[in-house]
Amino acid sequence: MPFTPLLMHARKSVAYTTRSSTDGVDKLRSELARLKEKETALLQELRDIRAAAEQVQVELDELIQRSAGALIQRLPNEILVTILEHATSYHCSTCVDPCWKWLGVCRRWRNVITHTASLWTHVNITPRWTQTMVRRHLTQSRDMPLHITIRPLLMRERWFGMAGPRRHLLSLIVPLAEHAWRWRSLDIRGFPPSTLQFMLAHFDSVSYSPVESIHIRSDEHETGALPWPNWIQPDTCPRLTYLYLGAFRIPDVVPAFQLTSLALITDNTQWSPSVPSLPFALRNILQESVKLTSLTLYGTGRSFRDLSLAPDSIHMPALHTLNLYPRDLETPGLESILMAMVAPELRHLNYVPRWPTDTLTPAMFRGTDGTPRFPRVTDLRIRNAVNGRHDMSPLITALPMVQNVALGGAEIAAFLTRNGSHRPADYWRDLERITIIEPETSIMEDLFQWLTERGHKNKTMLRVSLEELANSSEFLEFHERLMRYAMVELKDPQIKIGRTNFPISPSLRAKLSRYTPGMVSAIGSILREEYTLCEPDDENATSL
């Protein structure tokens, strides 16, 4: 075949293409080899990093293991003690004392607690304690002041009538009496009267105590009155400023202390008739207690004997809180104290008779010169004290600074009765909150109308709360309507069934006491599994 220029050009083109393909393959193979070498290097570096990380983790774990551990362990002892002191002071009085729990946390805590006397000054005794535990508290607290609380167990009613448990209580009390010179506060509650008397008798040997606060009250579910403890005398307790005695027979002459707070309860329970007690001249102790800031009296006028008090005869310049719970069926009763008292600094006044009466009149709240007797009262609670026969406007104008008021049904009716263009309650210019005790439909209608009128007059919207409702359906009905006129407060609303008040939450979960079986059907549609059992000494289970 003859050679032509065209054929020569084709052969040259093929040869060039072949050389180009061979050069591309070589380059790609070279690049792939380079990348694989880099991959091998990176994998080796990753293995080295992982090995180094594992080694650092091991060293870190060992360091943590050797160090103090939890952050709280790094706190200085002084700060740790301060925290534990606060925890001790707010500890539940019926639970195991926290010091005994903390001793088992760690060796450091045990050493700190053992050598810190202030952590052992709160002695919260229950029958679970042993005499060894009591004596250890007394030893570890050294010479520091003691704050003593004694409470029964939950199954207290019959258990303490037995000889064995009484002997056990005696073994706990005797060491306390030996350290009466260190007492600062003594709080004993919840025991049956006979057991409480047995306990207090072993304090008769006390000749001196700097105690500043004494609160003693027997189980309110049991009857019985106790004699006044012989050792509660000014010579024995010269520093006493707070005294609360429940269900004690009052002596003819009450020791004159420099008290700032006094509560005397001559009725043992809120249901039983008044327990007769030895009389005493109430006037004397009130006249001598010029430093008194809080006074509570619970019982009949007869149990406090001499209530023939002249108007404006008792001057109490420092009195801040006055609680009167009369149990009288005859007059004069505790209401006469109001007319005799001159207390210009009084801020809180509670007057709640046991029975519906008509004892409070406008004249009781004005002095002999006609001026308001308690012009600075801001918190007022009245129930079962008026029946509407008197115009309540003078009474309300005698208490011009009331901001928070709790009223029963009769008081609501009397204070909201229209008198011309005004209602007596309108004179409370600074009123912020009103609580309705045991509301009824007729009373609530008057309240709704009054709140509507306030709204039309552009007055400040009130906060309203309800106490001791008859049933859950009424709670829901009243709550829904009140929302239109006021700010409704749902702090511990209660349903009253018989003599027991059951606190409920907005979800209507009731808390029942173990002393009120068979109440499930009375509450209505609340599911059984929603009930929560209360402790029998729960203060919310019943109300005074």
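These notebook entries record what I looked up in a predicted model of one protein.

**Entry 1. Overall make-up**

I began with the secondary structure and found 15 helices and 22 strands in the protein. I then looked up burial: of the 544 residues, 45% are buried. For the surface as a whole I noted an exposed area of about 27,700 Å², with carbon and sulfur atoms supplying 55% of it. I also looked up how contacts are spread along the sequence. Among contacts between residues at least 6 apart, 73% join residues at least 24 apart.

**Entry 2. Helix H2**

I turned next to helix H2, which covers residues 77-89 and has 13 residues. From its first C-alpha to its last, H2 reaches 18 Å, close to the 18 Å expected at 1.5 Å a residue. Which residues of H2 are buried? I listed Leu-80, Val-81, Leu-84 and Thr-88. These residues lie on the same side of H2, because they cover an arc of only 95 degrees around the axis. I recalled a general point here: an α-helix has 3.6 residues a turn, so residues three or four places apart point the same way. I then asked what the buried residues of H2 pack against. The partners are helix H3 (98-102), helix H4 (107-114) and strand S1 (122-125).

**Entry 3. Helix H8**

I repeated the search for helix H8, residues 193-201. The residues Pro-193, Thr-195, Leu-196, Met-199 and Leu-200 are buried there. Their arc around the axis is only 160 degrees, which puts them on the same side of H8.

**Entry 4. A nonpolar patch**

I looked for nonpolar side chains on the surface and noted a patch formed by Leu-60, Leu-63 and Ile-64. Together these residues have about 270 Å² of accessible area. I placed Leu-63 in helix H1, which covers residues 5-66. Is Leu-63 buried or partly exposed? Its relative accessibility is 48%, so Leu-63 counts as partly exposed.

**Entry 5. Salt bridges**

I looked up the salt bridges and found that the structure holds 14. As a general matter, side chains of opposite charge can pair when their charged atoms come close. I followed three pairs in detail.

The first pair I examined is Glu-467 with Arg-381, whose closest N and O atoms are 2.8 Å apart. This pair links distant parts of the chain, with Glu-467 in strand S17 (residues 463-467) and Arg-381 in strand S14 (residues 379-382), 86 residues apart. Glu-467 counts as partly exposed because its relative accessibility is 21%. Arg-381, at 24%, also counts as partly exposed.

I then examined Arg-423 and Glu-453, whose side chains meet in a salt bridge of 2.8 Å, N to O. The two residues stand 30 residues apart and link distant parts of the chain. I placed Arg-423 in the loop between helix H12 (409-415) and strand S16 (433-437), and Glu-453 in helix H13 (residues 441-456). Both Arg-423 and Glu-453 are buried.

The last pair I followed is Lys-459 with Asp-426, for which the closest N and O atoms are 3.9 Å apart. Lys-459 lies in the loop between H13 and S17 and Asp-426 in the loop between H12 and S16, so the salt bridge ties together parts that are 33 residues apart in sequence. With a relative accessibility of 28%, Lys-459 counts as partly exposed, whereas Asp-426, at 4%, counts as buried.

I also noted a network: salt bridges with shared partners join Arg-151, Asp-187 and Arg-189.

**Entry 6. Positive phi angles**

I closed by looking up backbone angles at two residues. Where does Glu-438 lie? I placed Glu-438 in the loop between S16 and H13. Its phi is near 55 degrees, a positive value in a residue other than glycine. Glu-438 counts as partly exposed because its relative accessibility is 32%.

Asn-458 has a phi near 60 degrees, again a positive value in a residue other than glycine. I found Asn-458 in the loop between H13 and S17. The relative accessible area of Asn-458 is 71%, so this residue is exposed. The loop between H13 and S17 had already come up in Entry 5, where I placed Lys-459.

Terms used:
Residues numbered from 1 in each chain as written. Predicted model: local features only at pLDDT ≥ 70, side-chain atom pairs only at ≥ 80, totals over all residues. Heavy atoms only, no water. Patch = residues over 30% accessible without salt bridge, like charges linked within 9 Å, V, L, I, M, F, W, Y side chains within 5 Å. Areas by Shrake-Rupley, 256 points an atom, 1.4 Å probe, with all protein chains shown as cover. Salt bridge = Lys/Arg side-chain N within 4 Å of Asp/Glu carboxyl O. Helix = DSSP H or I, 4+ residues; strand = E, 2+ residues; numbered from the N terminus. Buried < 20%, exposed > 50% of the residue type's maximum accessible area, 1.4 Å probe, protein only. Contact = heavy atoms within 4.5 Å. Expected span 1.5 Å × (residues − 1). Arc of directions from axis to C-beta.
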